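Good morning, and thank you for the time on the agenda. I would like to take you through one structure, beginning with its interior and moving on to its pockets.

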Amino acid sequence: MNFSLLLPKQFDNQYRGNKIALWMFVVITLIFMGRSLIHVFAADGGAQSIATIPLDLWSADAAKTLISMFAFWGLVQVMMAGLNIVALVRYKSMIPLLYLVMVITQLGRIGIGQWKPVVTQGTAPAAALTFYLLAFLTLGLLLSLIPNQQTQNRSL
């Protein structure tokens with residue numbers, strides 16, 4: 001593991017980690033962008049249709065407020081997924097750091113979900129996959145810190 005890959009002296013377009021982590025990053029970026037766009041553009045922000053939050057039991061104003069909050073949250077997620085795309089296109093050396101940000105974010109979501117649980121009528125896909133996503137992101141982070149063969153050969 002090369003922890004200096006987290007914060008290189010400068011960000012460039014050379015990816016120095018394990019190639020599997022790079023492809024995992026592409027997959028997670030596409031998934032995160034899709035999820036984000038649903039929160040922004042779906043009529044209910046995905047709150048009831050996906051997350052099973054019982055908006056039909058709420059007052060109209062309360063439901064509109066939550067839908068707006070989902071859209072605001074989706075915008076932040078679009079920006080983060082956009083940053084991932086910028087890294088893939090122009091600054092691949094940022095990928096380990098972005099993995100770390102995603103791992104910390106996922107841990108925060110788990111912690112806040114325990115501290116302030118959301119009442120739902122069923123199990124939302126995000127809730128069902130929380131720990132799998134954390135494992136996937138952690139694996140990606142660890143693999144991104146293992147220098148690839150080309151990087152190792154250049155340093156010899």
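What follows is a short account of the cores, the aromatic pairs, the pockets and a few single residues.

Please keep in mind throughout that this is a predicted model.

Let me begin with the interior. The largest nonpolar core comprises 27 residues. Within this core, the residues with the most contacts are Phe-25, Ile-95, Tyr-99, Met-102 and Leu-137. Four helices each supply at least two residues of the core: α1, spanning 19-41, α2, spanning 60-89, α3, spanning 95-115, and α5, spanning 130-144. Of these, α1 provides the largest share, with 7 residues.

Leu-137 deserves a closer look. Which residues does Leu-137 touch, not counting those up to four places away in sequence? They are Ile-28, Tyr-99, Met-102, Val-103 and Gln-106. Apart from the largest core there lies another, of 8 residues, and its members include Leu-55, Leu-66, Phe-70 and Ala-124.

I turn now to the aromatic pairs. The count comes to 2 such pairs. One is formed by Phe-25 and Tyr-99, in an edge-to-face arrangement, with 5.4 Å centre to centre and 65° between the planes. This pair links distant parts of the chain, since Phe-25 belongs to helix α1 and Tyr-99 to helix α3, 74 residues apart. Phe-25 and Tyr-99 are both buried, and both appear among the residues with the most contacts inside the largest core.

The other pair is Phe-70 with Trp-73, also edge-to-face, at 5.5 Å centre to centre and with 85° between the planes. Here the two partners both lie in helix α2, 3 residues apart, which is about one turn of the helix. Are these two residues buried or partly exposed? Phe-70 is classed as buried because its relative accessibility is 9%, under the 20% limit. Trp-73 has a relative accessible area of 33%, between the limits of 20% and 50%, and is therefore partly exposed.

Trp-73 brings us to the pockets. The largest pocket holds about 1,300 Å³ of space. Its lining consists of 40 residues, and those nearest the centre of the pocket are Trp-73, Arg-109, Ala-126, Ala-127 and Thr-130. The elements that give two or more residues to this lining are α1, α2, α3, α4, spanning 125-128, and α5. The most comes from α3, with 7 residues. How does the lining of the largest pocket divide by class? There are 26 nonpolar, 11 polar and 3 charged residues.

The second largest pocket has a volume of about 240 Å³. It is lined by 15 residues, with Phe-32, Arg-35, Gln-77, Met-80 and Thr-105 nearest its centre. Two or more lining residues come from each of α1, α2 and α3, and α2 gives the largest share, 6 residues. By class, the lining of the second largest pocket contains 8 nonpolar, 5 polar and 2 charged residues.

Gln-77, one of the residues nearest the centre of that second pocket, is found in helix α2. Gln-77 counts as buried because its relative accessibility of 8% is under 20%. Leaving aside neighbours within four places in sequence, Gln-77 is in contact with Arg-35, Ser-36, His-39 and Arg-109. Among these partners, Arg-35 is also named near the centre of the second largest pocket, whereas Arg-109 is named near the centre of the largest pocket.

Two further residues complete the survey. Thr-123 sits in the loop between α3 and α4. With a relative accessible area of 61%, over the 50% limit, Thr-123 is therefore exposed. Not counting residues up to four places away in sequence, Thr-123 touches Thr-52 and Ala-128. Thr-123 and Thr-52 are 71 residues apart in sequence and 7.1 Å apart in space, C-alpha to C-alpha.

Met-69, by contrast, lies in helix α2. Its relative accessibility is 49%, which is under the 50% limit, so Met-69 counts as partly exposed. From Met-69 to Thr-29 the separation is 40 residues in sequence and 22 Å in space, C-alpha to C-alpha.

That concludes the presentation, and I welcome your comments.

Notes. Residues numbered from 1 in each chain as written. Predicted model: local features only at pLDDT ≥ 70, side-chain atom pairs only at ≥ 80, totals over all residues. Heavy atoms only, no water. Core = buried A, V, L, I, M, F, W, Y, C linked by side-chain atoms within 4.5 Å. Buried < 20%, exposed > 50% of the residue type's maximum accessible area, 1.4 Å probe, protein only. Contact = heavy atoms within 4.5 Å. 1 Å grid on protein atoms, 1.4 Å probe; cavity = no way out; pocket = protein on both sides within 12 Å on 5 of 7 lines; lining within 4 Å. Points joined across faces, edges and corners; volume = space filled by probe spheres on them. Nonpolar A, V, L, I, M, F, W, Y, C, P; charged D, E, K, R; others polar. Phe/Tyr/Trp six-rings, centres within 6.5 Å; stacked < 30°, edge-to-face > 60°.
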